[in-house]
Amino acid sequence: MAGSPARILIIGAGPAGLRAAEMLAEAGCSPILIDEAPRVGGQIYRQPPRVPGFTRTASELYGAAADRARDLFVTFDRIRQRIDYRPSSLVYDLIDNRAIVASEGKSEEIAFDAMILATGAMDRIIPAPGWTLPGVYTLGAAQIALKHQGCAIGKRIAFVGGGPLLLLAAHQYAKAGAVPAAIVLPSRFESLAAAGLRLLPMPRELSSGLLWLLDLKRRGVPVLFGHRLVKVKGAESVTGIIAERAGRQRVIACDAVALGYGLRSETQLADLAGIRFVFDAERRQWLPETDPLGRAAGRKDIYLAGDGAGILGADAAEARGRLAAHALMTDLGIAHERYRPKPDKTAVACAERLQAAMRAAFDPPADLVTAIPDETILCRCERILAGELRALAGLLGAREVNRAKSFSRIGMGRCQGRLCGHAAAEILAGKLGISLDSVGRLRGQPPIKPVIVSTVAERKA
Amino acid sequence: MSGPRLQRVADQDRRLIEITVDGWAMSAMEGDTLLVAILAQRSYLREASGEPQGEMPAAGFCLMGACQDCWVWHEDGRRVRACTTYAEPGMRIRTTWPDHLLAS
């Protein structure tokens with residue numbers, strides 16, 4: 001590398017990727033920042049299109065997190081000319097030290113000396129009968145519709161699942177005039193209250209959660225703790241949901257459902273990079289292994305930051321972005337004397353405690369997944385029923401998810417198991433009576449998202 | 001269900017543009033994704049195809065380019081995700097695969 005500066009790639013322009021880019025830019029590096037979206041911010045700080053008529057302020061869009069969002073955007077504007085920013089670009093494969101990037105119908109190979117993966121997260125989905133009906137959206141989709149497009153996903157919306165973002169989104173919808181039909185949480189009120197006590201040292205987080213809940217109550221929104229989603233009703237479109245608690249069913253009329261049981265890390269690129277994965281028993285997910293700063297296990301040139309390396313939330317993502325950039329610069333001998341990692345390490349440790357409390361509050365009971373009825377569509381791309389996977393686990397001895405995928409096509413569809421992979425592993429493990437980690441994890445396959453053939457064909461090195 | 005699925009609740013003072021969807025003229029707002037442009041006027045991107053194992057009705061699911069539920073096509077056959085593609089004036093979109101291309 002003598003003479004020429006190191007070529008550094010950052011994948012993802014959410015809070016983690018942006019903070020990493022800022023650190024590198026300020027040290028005089030010129031990283032390439034590749035992002036799928038047309039504007040920076042990631043999903044959490046998703047911005048409306050740059051078009052006249054989108055006039056909402058940061059406070060209206062991001063509420064209590066407006067200052068953080070604003071500061072990220074200002075930071076980006078400041079470093080914009082010093083970095084190589086590539087919006088609307090998808091890294092769909094990694095081969096050795098080259099990223100294969102699709103943009104505007106063409107693909108390109110970009111070689112790197114070091115790379116920071118800040119790929120973020122998406123909703124954790126637990127299927128229920130009727131979840132594929134038009135009108136059921138992920139919780140993330142409900143938020144994107146509102147933030148990015150100024151739209152609500154329906155007129156009467158049931159918010160089903162868990163996690164602080166569910167309460168936040170329901171609160172934001174209510175404020176926008178789309179008052180939720182109901183909030184349905186499998187977690188019990190007592191677990192939430194207990195988690196609240198654990199948050200006493202974090203008054204800001206505790207009070208915002210309480211405010212959202214109280215605001216929903218004040219508006220007369222039913223908040224149903226300890227209720228499971230039995231089914232989404234409707235023939236061709238959502239007409240309601242059935243929720244159940246201790247054998248008592250309750251029907252809620254609605255024309256849309258926002259569904260999400262917390263978040264799951266997007267790890268496909270880490271997998272393609274050959275990074276070692278470890279099973280995180282708390283999050284019930286296989287995750288790329290890193291050291292505390294984000295150095296990837298098994299690849300000396302790759303670093304991970306943000307929710308793609310385990311869910312810790314947006315604030316911690318900023319800290320983790322800086323820590324990963326710090327590790328990278330230390331390893332490459334790039335001088336950056338001013339930065340002191342201690343406050344960011346403290347922020348990450350704090351977020352670990354917060355997330356542990358959130359899991360205790362909101363994690364659905366294990367049998368919510370394993371008890372999905374046989375006739376439920378599990379894989380929406382290939383339309384495979386939960387019962388088909390169960391039958392196969394018994395008949396063919398598929399004790400591992402990739403074998404189950406080969407036999408059933410589960411997770412082989414166009415979303416590549418992003419939506420069903422987690423539930424499929426839980427169901428397989430449940431049926432076989434073995435632990436979740438022993439059924440393994442779906443391997444990532446390139447392209448990590450569908451790319452049209454002409455895009456692949458027109459590749460320049 | 002018929003009629004609009006998505007409800008506009010903010011930022012509605014935008015320039016109107018015209019697109020064509022399945023041969024029908026449709027007005028959209030500048031900055032709309034195709035998904036929003038279509039679902040702010042009707043209930044589905046695609047209706048059920050009718051056969052027991054045919055296409056399920058679709059209206060998108062994740063809106064972040066991950067689930068691939070919202071594929072639509074330009075009339076020249078190029079496939080795009082409706083949730084990540086912006087409506088542009090004069091765009092001609094089909095919500096089912098444009099198999100008329102095979103006939104020609």
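This is a short tour of a predicted model of a complex, with most of the stops in chain A.

**How sure is the predictor?**

The predictor gives the complex an ipTM of 0.95 and a pTM of 0.96. Chain B has an average pLDDT of 91, and 92% of its residues score at least 70.

**A parallel sheet in chain A**

A good place to start is an open sheet of five strands in chain A, where the order is β3-β2-β1-β7-β21 and the pairing is parallel. The edges belong to β3 (84–86) and β21 (302–304) of chain A; each has a single partner strand, so one side of each has no neighbour in the sheet. From one strand to the next, the twist averages 15 degrees.

Take a look at the β21 end. Strand β7 (residues 114–117) of chain A runs parallel to β21(A), and three bridges join them. One pairing to look for there is A:Ile116 with its bridge partner in β21(A), A:Tyr303.

Two helices sit against this sheet. Helix α1(A) packs on the sheet and touches β1 (8–11), β2 (32–34) and β7 of chain A, with its direction at about 160 degrees to that of β1(A). Helix α9(A) lies across β1, β7 and β21 of chain A and runs at about 170 degrees to β7(A).

**Helices against helices**

Those two helices also meet one another. The axes of α1 (residues 15–26) and α9 (residues 314–332) of chain A come within 7 Å and cross at roughly 35 degrees. Here α1(A) passes α9(A) in a right-handed crossing. On the α1(A) side the contact includes A:Pro15, A:Leu18 and A:Met23, while the α9(A) side includes A:Ala317, A:Arg320 and A:His326. Sorted by class, the contact of α1(A) with α9(A) has 10 nonpolar, three polar and four charged residues.

A second helix pair is worth a visit. Helix α5 (residues 164–175) and helix α7 (residues 203–218) of chain A pack with their axes 9 Å apart, at an angle of about 45 degrees. That is why α5(A) and α7(A) count as oblique to each other. This time the crossing, as α5(A) passes α7(A), is left-handed. Among the residues that make the contact are A:Leu167, A:Leu168 and A:His171 of α5(A), along with A:Trp212, A:Leu213 and A:Asp215 of α7(A). The contact of α5(A) with α7(A) splits into eight nonpolar, two polar and one charged residues.

**Hairpins and backbone oddities**

Chain A also has antiparallel strand pairs, and two of them are set out here.

| Strands | Sense | Bridges |
|---|---|---|
| β14 (residues 228–233) and β15 (residues 240–245) of chain A | antiparallel | five bridges |
| β19 (residues 277–280) and β20 (residues 285–288) of chain A | antiparallel | four bridges |

In the β14(A) and β15(A) pair, A:Arg228 has A:Glu244 of β15(A) as its bridge partner. This hairpin has six residues between the strands, and A:Gly234 takes a positive phi near 140 degrees. Over in the other pair, A:Asp280 is bridged to A:Gln285 of β20(A). The hairpin of β19(A) and β20(A) has four residues between its strands, and A:Arg284 in the turn has a positive phi of about 55 degrees.

Most residues other than glycine have a negative phi, and most peptide bonds are trans. With that in mind, two loop spots deserve a glance. A:Gln416 is not a glycine, yet its phi is positive, near 60 degrees; this residue is found in the loop between α13 (401–408) and α14 of chain A. Further along, a cis peptide bond joins A:Pro446 and A:Pro447, with omega at about -10 degrees. A:Pro447 has its place in the loop between α14 (421–432) and α15 (453–457) of chain A.

**Where the chains meet**

What does each chain bring to the contact? Chain A gives 40 residues and chain B gives 35 residues. On the chain A side, the elements that give two or more residues are β9 (136–138), α4 (139–149) and β10 (151–152). Of these, α4(A) gives the most, with five residues. By class, the side of chain A that touches chain B has 20 nonpolar, 12 polar and eight charged residues.

Strand pairing crosses between the chains too: β10(A) and strand β1 (residues 7–8) of chain B pair in the antiparallel sense over two bridges. To find the spot, look for A:Ala152, which stands opposite B:Gln7 in β1(B).

Technical notes. Residues are numbered from 1 along each chain as its sequence is written. Chains are lettered from A and ligands numbered from 1 in the order in which they are written. This is a predicted model: local features need pLDDT of at least 70, side-chain atom pairs count only at pLDDT 80 or more; totals for chains, interfaces and linings use all residues. Axes are lines fitted to C-alpha atoms, for helices over the stretch in contact, and angles run from 0 to 180 degrees between N-to-C directions. Angles under 35 degrees count as roughly parallel, over 145 as roughly antiparallel, 65 to 115 as roughly perpendicular and the rest as oblique. A crossing is left-handed if the near helix is turned anticlockwise from the far one by less than a right angle, and right-handed if clockwise. Two residues are in contact if their C-beta atoms, placed from the backbone, lie within 7 Å. Ala, Val, Leu, Ile, Met, Phe, Trp, Tyr, Cys and Pro count as nonpolar, Asp, Glu, Lys and Arg as charged, and the others, Gly among them, as polar. Two strands pair if DSSP finds at least two bridges between them. pLDDT is the predictor's confidence in each residue, from 0 to 100.
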